[in-house]
Amino acid sequence: MMSTEFLIQTRENIDEMKDNAFQLTQAEAPGKEVLLGWLRQMLLIREFEVRTMQAYQNRLIGGFCHIYIGQEAVAVGSIAAVNPDDPIVLAYRDHGHALARGMDPKYCMAEMFGRIGGCAKGKGGSMHMFDAEHYLYGGHGIVGAQTPLGAGLAFATKYEDEVIKGGKSSHVTLCYLGDGALNQGCFYEAMNLASLQDLPVIFVLENNRYSMGTSIERGTSMAHDLRVKSEAHGIHHAIVDGKNVIDLYKDFKSIADWCREESRPFFVEAETYRYKGHSMSDPRKYRTKDEELVEESNDSIASLKNYLSEEYDVASDALKQIAQQVKAQVKQAVEWANNSPETPMNELYKDVFTDHWGPYAGTSKPEMLDEGGA
Amino acid sequence: MMAVATAERVIEFRDALNEAMSEEMRKDNRVYLLGEEVAEYNGAYKVSKGMLDEFGARRVIDTPISESGFAGMAIGSAMRGLRPIVEFMSWSFSLVAADPILNNAPKMLYMSGGQFGCPIVFRGNDGAGGQLASTHSWCVESMYANVPGLKMAIPYDAYDAKGLLKTAIQDDNPVFFLESERLLSTTGHVPVEEYTIPFGQALTRRSGTDCTIISFGRPLHFCLEAADELAKEGIECEVIDGRTIRPLDIDSMVASVKKTNACVVVDQSWSFASVGSEIASQIHACCFDDLDNHVFRVHSDDVPTPYAHNLEQAYLPNSRKICEAVRQATYNA
């Protein structure tokens, strides 16, 4: 019933909606300690990615590898705005979200090294970070494929809360996508279903303006006004600053609270920029150095440091100390990954099926879950 | 309802499917059904008739024509432990959902290192329905059976339809359940009492000493017809219903071939890189010294499914083709 009213209202107020996609009730900015925690997370992601690139160049990491540097504020600010047990699903540029969600960097690094200590025992690699304890339902390698999965996770939480427990829907799912996924059909099917079923899922578009080497203007119609993509399905849209973690958090908190309360989907466009190439093999000839310099001069980590200095008088020594701690933590993660044994041959036929039959050897959990689990 | 004695109760194949789903949904509220026309329309083929009334719109869910979307959505929900049954009106339409059903469901457990399984059933009509032409007549078994991580069942009669589908719904892994529109109205004995049929156990539908015929699903009808015909010529065939393609009960098939020393595989999909070629290869490897002749295969012809009635009949496996293959395999041609 709610969805029908919503759709009618949307159509009647379409001009008004275009003036302002969604009236956000601004959440409060968090205090100093929380901000220092976010800075630590963003620094951790950046340092982790620097060491990932080194390891890749040293051939310790194989396959496709996508670096998140430049976009750190999006993962940190949005994940901070939801509860720890709200599901998250994402695309293949996934290291940053895994760390922001709380995965120990050593498991993330070991996964890329293809070792038994990895979060998926070395069976998934860079594009497939999963962490059941942290409700992280994977990075997914096929562009857009995670969007119906995100609708499904939201379907599941709503079904669990309402049908199984007989209560009120109380979760919200974060489903991340890049601008390349805007051109995949399954994303529109996912939005249509999410709207029809009143699913509490936020489709988080990390608009870094390039799908591999194709600028959004070349690949996406109506790139100047992406709200039309979700409004066609009766889904609200908002644009958030992907370079400012505080503003992004405040917007996200309001949106997440609204989705949770109303059990409705949302489409959030975070304007951001990836400093590095699409993957490790990308020479970035499709954009100019000047453009990159302009983008890098508006850096989310530098901005947060400035804010902490100016608003809270955090000394530069204190900031340096955090950076050093993070460096040491990532160094240890690399060492741990390097010392983790190669995934043993008896894993080859494990996790194909849950049961034992024929050559299939059942399933077992990764070491990562042993530590945190019962 | 209770008055009907077990041995006497005869129901349609479609009702056996309905009972399997309804019983499992009563037992486990994590099980739900979704697909095109499954709820208010009572199912495009009436398989889910009455289920909306019993379980309500939260558990029997009409979807738009959006296979990639709703298959993917169901998979996402299965990652959290729900147990969806996804009805494809036709497996032909599953092709637009190839990415979720082949890339996500069967690989999720592996790619997550054992963290997230996918307890899901995809079910619907497979194979030629009757003059539907090529895009609507897909036999997907050979193409999809190539993928590790999924199980695949093909029931032949009402009893198996219910017992195999209950096993599929209880399984913690993705199951591709291939029904035939041409079998939905057939009737068979189905006991009132609870039962399941384990996967990977072939059934001997006719015993014989001269030639083993192996098949799955609807073509078994033609295999049994051919066996009757051949018996008149003094050729006694053993007809084996594989029931599930993954797991494949090759042991039962091999045991039969070791007895008959001749084998014909009947597979309604195309011949190239097919279930039939796989079984023939395994029989050749396991029964090399027992075979009096190579394994013969009967498939649909290697062309798109034609619309014209006469061409379609000529194209599909039929008892004439099976008889011919058995005569050749047993040097009676």
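Is A:Asp225 buried or exposed? A:Asp225 is buried, since its relative accessible area is 16%, and buried here means under 20% relative accessible area, with exposed over 50% and partly exposed in between (1.4 Å probe, protein chains only).

Before going further, a word on the ground rules. This is a predicted model, in which local features need pLDDT of at least 70 and side-chain atom pairs count only at pLDDT 80 or more, while totals for chains, interfaces and linings use all residues. Residues are numbered from 1 along each chain as its sequence is written, chains are lettered from A and ligands numbered from 1 in the order in which they are written, and side-chain values use heavy atoms, with hydrogens and water left out.

## Salt bridges

Back to A:Asp225. Its partner is A:Arg227, and the two form a salt bridge with the closest N and O atoms 2.9 Å apart. A salt bridge means a side-chain nitrogen of Lys or Arg within 4 Å of a carboxyl oxygen of Asp or Glu. The idea behind it is that side chains of opposite charge can pair when their charged atoms come close. A:Arg227 is buried too, at 14% relative accessibility. By this rule there are 51 salt bridges over all chains.

Here are a few of them side by side:

| Pair | Closest N to O distance |
|---|---|
| A:Arg227 and A:Asp225 | 2.9 Å |
| A:Glu160 and B:Arg80 | 2.8 Å |
| B:Lys151 and A:Asp355 | 2.7 Å |
| B:Arg243 and B:Asp160 | 2.8 Å |

Take B:Arg243 and B:Asp160. This pair links distant parts of the chain, 83 residues apart: B:Arg243 sits in the loop between strand S11 (237-241) and S12 of chain B, and B:Asp160 in helix H7 (residues 158-170) of chain B. Helices (H or I, at least four residues) and strands (E, at least two) are DSSP runs, numbered from the N terminus. Both B:Arg243 and B:Asp160 are buried.

Some salt bridges join up into a network: B:Arg9, B:Glu19, B:Glu23, B:Glu24, B:Lys27, B:Lys162, B:Lys166 and B:Glu194 are linked this way.

## Where the chains meet

Now for the place where chain A touches chain B. Chain A brings 53 residues to the contact and chain B brings 43, where contact means heavy atoms within 4.5 Å. About 3800 Å² is buried between them, and carbon and sulfur atoms give 63% of that; buried area is the accessible area (1.4 Å probe) that two parts lose on being put together, summed over both.

How many salt bridges run between chain A and chain B? The count is 3. One that joins the two chains is the pair B:Lys151 and A:Asp355. B:Lys151 lies in strand S6 (residues 151-153) of chain B, and A:Asp355 in the loop between helix H14 (316-339) and strand S9 (356-357) of chain A. B:Lys151 is buried, with a relative accessible area of 3%, whereas A:Asp355 is partly exposed at 27%.

There are also 18 residue pairs in polar contact between the chains (both at pLDDT 80 or more). A polar contact is a pair of N or O atoms within 3.5 Å; within protein, one must be able to donate a hydrogen and the other to accept it, and residues adjacent in sequence count only if both atoms are side-chain atoms.

On chain A's side, the elements giving two or more residues are strand S2 (136-139), helix H7 (146-164), helix H8 (185-196) and helix H15 (367-372). H7(A) gives the most, with 14 residues.

## Cysteines and odd angles

What about disulfides? The count is 0 over all chains, with a disulfide taken as a pair of cysteine sulfur atoms within 2.5 Å. For A:Cys175, the nearest cysteine sulfur is that of A:Cys186, 9.5 Å away. A:Cys175 is buried, with a relative accessible area of 0%.

Most residues other than glycine have a negative phi, and most peptide bonds are trans. Chain B has some exceptions. A cis peptide bond joins B:Arg246 and B:Pro247, with omega about 0°. B:Pro247 lies in the loop between strand S12 (244-246) and helix H9 (250-260) of chain B. B:Asn261 is not a glycine, yet has a positive phi of about 65°. B:Asn261 is found in the loop between H9 and strand S13 (263-266) of chain B, and is partly exposed at 23% relative accessible area.
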